[in-house]
Amino acid sequence: MSKKIEKTGSNRVLEVKNLNVEIPVPSGLLRPVQNVSLRVDRGETLCIVGESGCGKSLTSLAIMDLLPSKAKRTCDEMRLLGENVFGIKERAMSDLRGDRMSMIFQEPMTSLNPAYTIGNQLGEALRRHQNVSNAEARDRAIYLLEKVGITAAAGRLGQYPHQLSGGLRQRVMIAMALMCGPDLIIADEPTTALDVTIQAQILHLLSELQREFHMGMVLITHDLGVVARIADRIAVMYAGQVVETGTAEQIFNAPTHPYTRGLLQCIPIPGKTKRGERLGAIPGIVPSLVGHMDGCHFASRCSEVQARCQTGNIELAPAKQKGHLCRCVLAQSGPSSELETGEAAV
Amino acid sequence: MAIARALINRPRIVICDEPTSALDVSVQSQILNLLQDLREELGLTYLVISHNLAVVEHMATRVAVMYLGRIVEEEDADTLFSSPKHPYSKALLESVLTPDPSLGIPDTHLGAAYPNPLDMPTGCRFHPRCIDVMPHCGQIAPQKIAFGDGHVECHLYDENRGKGSLAS
């Protein structure tokens with residue numbers, strides 16, 4: 001099965017440059033997202049991968065403008081389909097949200113409203129954004145429920161979320177995100193709560209629908225197995241920063257950042273790692289992101305740490321291959337003046 | 001901490017229910033390494049309950065596959081991972097997403113409908129989702145069929161009815 005889709009530059013769905021999120025906490029200013037740049041083309045899947053607390057979910061919430069009210073976001077540029085969406089009025093943003101960009105959340109049970117039927121919740125988004133009758137909304141809901149593999153879809157419309165299994169609920173969430181035919185879909189850990197057999201089915205479905213509707217997709221996950229199978233491009237995040245980005249082949253076959261290499265050594269791979277063999281581990285803990293942090297964020301846990309890692313700002317810089325960027329002094333071959341950091345959009 | 005508490009009375013067997021399911025991979029690998037070191041050092045026996053087959057293959061000496069309250073297949077780990085017998089075990093193994101970017105997402109053809117445990121399917125409990133289903137699977141519950149040092153519950157391996165064989 002070919003999962004690679006031809007990329008064209010003019011088909012940019014999302015472009016984010018230097019996104020920062022700051023949250024005031026009692027001990028200072030927490031900076032969970034620092035200078036994150038992302039781009040997604042039509043028909044492309046970008047996976048953001050990283051461990052808990054690395055800022056991947058907050059990045060997606062910042063793009064959707066759904067951050068908690070205390071959090072402040074800044075960025076140089078945020079464009080959806082070439083149009084600026086940063087700092088626009090809430091009213092204009094909510095016109096886009098659910099219509100041009102939509103989100104699939106991690107926990108279908110907490111994201112679906114238990115007090116309304118499936119049909120009601122599915123139709124709501126479409127009626128909010130488009131001038132359609134109840135019957136048209138209902139038809140669209142049935143069409144999409146069948147698309148996501150729910151049999152007897154018409155009968156399901158009258159059911160409440162608690163009457164559905166976890167896999168079905170997640171399918172309803174996907175159908176809901178697709179109601180208005182968005183250009184960009186952000187899926188935050190869409191399969192974490194599901195069984196492996198169901199997970200495989202949901203991912204299969206997502207990538208099929210993405211191809212069919214030709215959407216850009218941002219998939220957020222910590223599961224490297226999922227990432228390898230579904231991603232066109234990958235952004236590895238650590239402690240609020242993107243530390244490495246490239247195509248799936250580049251990241252998995254030639255990981256450059258010590259953190260990425262460490263992550264890949266941590267997972268047992270059937271057929272590759274010997275049974276019972278010790279797995280790789282990354283010693284230490286994720287640093288606190290309160291206040292300003294100098295040097296490389298991974299320096300305290302890195303096995304190849306050097307003196308120059310501790311100071312200054314380490315930029316995302318091109319690694320060996322085109323499109324492969326890495327935030328590590330060891331990967332940067334040439335003198336820093338030659339680095340085109342302006343091109344460092346993920 | 002939870003591991004230390006479980007070991008304080010020097011047990012011989014430790015039951016680990018999804019010891020790493022909620023953890024990040026770097027922490028998961030630390031816990032798995034720790035569990036294996038303790039197994040060597042203290043001569044422990046583990047009963048590990050997990051849905052992560054990569055972890056199972058890494059840790060296990062014997063594996064029992066459960067579906068809807070029954071153990072449908074049990075044997076040593078090598079045999080299960082190299083030649084799974086039960087269609088459910090096969091589907092499970094296919095669903096494992098190894099980090100290999102050259103492969104796509106597997107299609108297990110299972111259907112999403114997990115049966116209602118209060119109203120179990122008749123006959124073989126897996127038959128509504130099974131790709132190798134035969135007409136009598138819905139009526140007669142399969143019996144344990146022994147092979148080597150394991151067993152499987154599936155009509156495919158019945159001596160006179162089944163299509164499959166236990167050549168091993």
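This briefing describes the sheets, the helix packing and the chain contact of a two-chain structure. The model is predicted, with an ipTM of 0.73 and a pTM of 0.80. For chain B the mean pLDDT is 82, and 86% of the residues in that chain reach 70 or more. Where pLDDT is low, the predicted coordinates should not be read in detail.

**The sheet of chain A**

- In chain A, eight strands form an open sheet with mixed pairing, and their order is β7-β8-β9-β3-β10-β11-β13-β12.
- Strands of a sheet pair through backbone hydrogen bonds, either parallel or antiparallel.
- The edges of the chain A sheet are β7 (101-104) and β12 (317-318); each has a single partner strand, so one side of each is left without a neighbour in the sheet.
- At one of these edges, β12(A) pairs with strand β13 (residues 325-326) of chain A in the antiparallel sense, over two bridges.
- Within this pair, A:A317 is placed opposite A:C326 of β13(A).

**Helices lying across the chain A sheet**

- Helix α1 (residues 56-64) of chain A lies across five strands of that chain, namely β3 (45-49), β7, β8 (184-188), β9 (216-221) and β10 (233-238).
- The direction of α1(A) is at about 150° to that of β8(A).
- Helix α7 (residues 166-178) of chain A lies across β7 and β8 of chain A, and its angle to β7(A) is about 175°.

**Helix α4 of chain A and its two partners**

- The axes of helix α4 (residues 118-129) and helix α5 (residues 134-147), both of chain A, come within 9 Å and cross at roughly 115°.
- That angle makes α4(A) roughly perpendicular to α5(A), and the crossing of these two helices is right-handed.
- On the α4(A) side, the contact is made by A:G119, A:L122, A:G123, A:L126 and A:R127, while α5(A) contributes A:N134, A:A137, A:R138, A:R140 and A:A141.
- Sorted by class, the residues of this contact between α4(A) and α5(A) are four nonpolar, three polar and three charged.
- Helix α4(A) also packs against α7(A), at an angle of about 25° and with the axes 8 Å apart.
- The small angle makes α4(A) roughly parallel to α7(A), since angles under 35 degrees count as roughly parallel.
- The crossing of α4(A) with α7(A) is right-handed.
- Here A:I118, A:Q121, A:L122 and A:A125 of α4(A) meet A:V172, A:A175 and A:M176 of α7(A).
- This contact of α4(A) with α7(A) has six nonpolar residues, one polar residue and no charged residue.
- A:L122 takes part in the contact with α5(A) and also in the contact with α7(A).

**The sheet of chain B**

- Chain B has an open sheet of four strands in the order β3-β4-β6-β5, with antiparallel pairing.
- Its edge strands are β3 and β5 (145-147) of chain B, each of which pairs on one side only.
- On average, and with direction ignored, neighbouring strands of this sheet are turned by 30° against each other.
- Strand β3 (residues 62-67) and strand β4 (residues 70-76) of chain B run antiparallel and are joined by six bridges; in this pairing B:V65 stands opposite B:E73 of β4(B).
- β3(B) and β4(B) form a hairpin with two residues between them, and B:L68 in the turn has a positive phi of about 45°.
- β4(B) also pairs with strand β6 (residues 150-152) of chain B, in the antiparallel sense and over two bridges.
- In that second pairing, B:E74 stands opposite B:H151 of β6(B), and B:E73 stands opposite B:V152 of β6(B).
- B:E73 therefore appears in two pairings of the sheet, with B:V65 and with B:V152.**Helix α5 of chain B and the contact between the chains**

- Helix α5(B) lies across β3 and β4 of chain B, running at about 105° to β3(B).
- Between the chains, 34 residues of chain B are in contact with 44 residues of chain A.
- On the chain B side, α2 (25-42), α3 (53-59) and α5 (87-95) each supply at least two residues.
- The largest share of that side, eight residues, comes from α2(B).
- By class, the chain B side of the contact has 18 nonpolar, twelve polar and four charged residues.

Notes:
Residues are numbered from 1 along each chain as its sequence is written. Chains are lettered from A and ligands numbered from 1 in the order in which they are written. This is a predicted model: local features need pLDDT of at least 70, side-chain atom pairs count only at pLDDT 80 or more; totals for chains, interfaces and linings use all residues. Axes are lines fitted to C-alpha atoms, for helices over the stretch in contact, and angles run from 0 to 180 degrees between N-to-C directions. Angles under 35 degrees count as roughly parallel, over 145 as roughly antiparallel, 65 to 115 as roughly perpendicular and the rest as oblique. A crossing is left-handed if the near helix is turned anticlockwise from the far one by less than a right angle, and right-handed if clockwise. Two residues are in contact if their C-beta atoms, placed from the backbone, lie within 7 Å. Ala, Val, Leu, Ile, Met, Phe, Trp, Tyr, Cys and Pro count as nonpolar, Asp, Glu, Lys and Arg as charged, and the others, Gly among them, as polar. Two strands pair if DSSP finds at least two bridges between them. pLDDT is the predictor's confidence in each residue, from 0 to 100.
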